[in-house]
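Let's take a walk through a protein, one piece at a time. Have the picture open and follow along.

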Amino acid sequence: MATIYSFKKGVMEQVEGGVVNEYPLQLVVNGREMATLIASPHDLRFLVAGFLRLQGFVSKVDDFLALAICQDFGAASVTIRGELPERLKPVLTSGCGTGISFNMPKPVEKSGPSRVHAPETIFALMNQLAQKCEGYKNHGGMHSAGVGSDTLILHAEDIGRHNTIDRIAGEALLKGISLAGTILVTSGRVSTELVAKASMLGIDLIASRTSPTDMAVKMAEDAGITLVGYVRTDSFKVYTHAEAISTSGPEKIAGVTGVILAGGASSRMGSNKALLPHKGGRFIESIYRELAEIFPEVILVTNTPEQYQFLPCRKVADLYPGMGALAGIHAGLAQANTPSVFTVACDMPHLDPALIRHIAGRRGDCDLVLPKSDHGYEPLHALYNKSALSAMEQCLEQGKRRIVSILPQLKVNEIPASEVAGFDPAFDSFSNINTPQEYYELRNGDKARPGNTDSLPTVAQAQKAQA
C-alpha cells in the first residue's frame, strides 16, 4: 500500500491505496543479452515464452531447452534450440507493452517542483487536451499529451503513448521552447520511461487520466516531480510531492453558519433520502461538503441525530417540534454562534457555491436575503439574520407553519430571478429530490457526466438504500 493524497472539490485528504507494479526483466537467450522487458511481475515465464514465440525464435515447447526466471534479480535466462541471428535489429515499437529502447533515459534528481500549481490549472489543461485531440475524436485508438503552464503551449497525438512526449520534446527543441516548470498532461498510464523523459525536459508536474506504476512513483519522488493520476471533473489523486498542489480556495464567509435541514419525513421517497447514495457517499454528505467549503461552521437540524453520527458537525433539534421547515430554520438560526445562517434542504443536489456567496454577500441591513426563481420565492435556499427570530417565534406560537407567513414582519432583501439566472440559468440550485423516480433520474444524469464512476441503483434499491 502507498500513501496517496486524494483531492476532491478543494479538499486534500490522505488515503491508502495500491499502485500498479512495473517490473524490468532482463532477458538473456543462449548466453546473449537480448532485451529488457518492462512488464507486470506476474507469470513472467508466459511473457518470456510468448515474446520469443512472437519474435520467431521458437514455435513449440520442445524448442525450449531451459527457461529460468529469477524474480529477485529481475532476470530471465533461456536456452533454446538453434542459434540466434548474428545481428539482431531492434525495433522501437509504438505499443505500450514490449517496446524496446536502446537507452533508458535517466531522470535528473532534485528536491521538489519549482513552483506551486493550482488544481484548477490541472483541470483546465486536461480539458484543453481533450478538446484538441482530433485523432481520438475522429477514430479513437490514439494517445495524447500536452504541456503548458496556464494554457497548453504544445500537444501531440500518436498511437504510442511514449511517442507523444517524444514529439513534444522534438517540437520544443526545434522551436526553441523551454519546458522547464511546466505541467505535462497525458491520456495514458505513467511509467518510468515517461517520468524520466519529463525530468530531462524540466517538467514540474505530470497529470494523467489513468494511473502511474509503482516504479514511476518512486522515480517521480526522486526527480522532484509531482505525480497526479485519475484526473476527473473535480478530483484527482496525488502520488508524490503533494506540497506542490495549492489547496487554498476562496476564503470562508465569516459571520455566517451553514444550516442543513434534515427534518422531512421523506414519505414520497419511501426511505430517508438524506442517506441515499450520492457522489461516492450519502446524499447529505455531499451537501455538507459543499457548505463546509463556504462557511466556517455547519449545523445539521435533525430530531434523529443518531442517524447522522458520521457527519463531523454539530446537530441541533427543533425547538418547536412538528412545525415543519420554518421550525427547522428557527432552530438553526437560534442555536448558531454567528449572527446569520444560510439554509439549504438535505436533498438539494445542485448547489452553486458562487450563487450562495452572492446571496450571503447581500446580508447587510435586512432580516432575510430571499432569492427568487421563475416559480417564486425560494426560502429553503436563503440567508436569515438573527433579527428574524422574533417574527419566526411569533408565527410558530400561533401555529403558522408556512415560511412565507413571516415575510410581512421582516425587512427582506429580494434577489430577483433575473439576477439569480446570471449564476444558475436553469435554477437548478433550488431543485430537490422527493421520489424514487427523481432520484433515479439524478443518478442517471450524474453517471452520464465525464469522470463519474458512481454505479447506478435501481428504483427499488433507491427505496431501500440506508447506507
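Where is the place of Leu 173? You'll find Leu 173 in helix α4, which covers residues 161–175. Keep in mind as you look that this is a predicted model. Now, is Leu 173 buried or exposed? Its relative accessibility is 68%, and exposed means over 50%, so Leu 173 counts as exposed. Try hopping from there to Leu 201: the two are 28 residues apart in sequence, and their C-alpha atoms are 10.0 Å apart in space.

Let's zoom out for a moment. The protein has 467 residues, and 45% of them count as buried. Its secondary structure comes to 13 helices and 22 strands. What about contacts along the chain? Take the contacts in the protein with a separation of 6 or more: 59% of them are between residues 24 or more positions apart.

Next stop, strand β7, residues 143–148. This strand is mostly covered, with 5 of its 6 residues buried. Which strands does β7 pair with? One is β8 (residues 152–158), which runs antiparallel to β7 and is joined to it by 6 bridges. To get from β7 to β8, the chain goes through a hairpin of 3 residues. If you want to spot one of the matched pairs, look for Val 147, whose bridge partner in β8 is Leu 154. Another partner of β7 is β9 (residues 183–186), again antiparallel, this time with 4 bridges. Here you can pick out Gly 148, which has Ile 183 of β9 as its bridge partner.

There is also an open sheet of 4 strands to look at, in the order β4-β3-β6-β5, with mixed pairing. Its edge strands are β4 (32–39) and β5 (64–70), each of which pairs on one side only. On average, neighbouring strands in this sheet are turned by 20° against each other, if you ignore direction. Inside that order, β3 (residues 23–29) and β6 (residues 75–80) run parallel, joined by 4 bridges. You can check this pairing by finding Val 28, which stands opposite Ser 77 in β6. While you're tracing strands, here's a handy rule: in a regular strand, the side chains alternate between the two faces of the sheet.

On to a pair of helices. We describe two packed helices by the angle between their axes and the distance between the axes. For α5 (residues 192–200) and α6 (residues 214–223), the axes come within 8 Å and cross at roughly 20°. Angles under 35 degrees count as roughly parallel, and that is why α5 and α6 get that description. Their crossing is right-handed. Who makes the contact? From α5 come Thr 192, Val 195, Ala 196 and Ser 199, while α6 brings Met 215, Ala 216, Met 219, Ala 220 and Ala 223. Sorted by class, the contact of α5 with α6 has 7 nonpolar residues, 2 polar ones and no charged ones. As for spacing, an α-helix has 3.6 residues a turn, so residues three or four places apart point the same way.

We'll finish at helix α7, residues 283–292. How many of its 10 residues are buried? The count is 9, so α7 is largely enclosed by the rest of the structure. The buried residues are Phe 283, Ile 284, Glu 285, Ser 286, Ile 287, Tyr 288, Glu 290, Leu 291 and Ala 292.

Methods:
Residues numbered from 1 in each chain as written. Predicted model: local features only at pLDDT ≥ 70, side-chain atom pairs only at ≥ 80, totals over all residues. Heavy atoms only, no water. Helix = DSSP H or I, 4+ residues; strand = E, 2+ residues; numbered from the N terminus. Buried < 20%, exposed > 50% of the residue type's maximum accessible area, 1.4 Å probe, protein only. Pairing = 2+ DSSP bridges. Axes fitted to C-alpha atoms, helices over the stretch in contact; angles between N-to-C directions. Parallel < 35°, antiparallel > 145°, perpendicular 65-115°, else oblique. Left-handed = near helix turned anticlockwise from the far one by under 90°. Contact = heavy atoms within 4.5 Å. Nonpolar A, V, L, I, M, F, W, Y, C, P; charged D, E, K, R; others polar.
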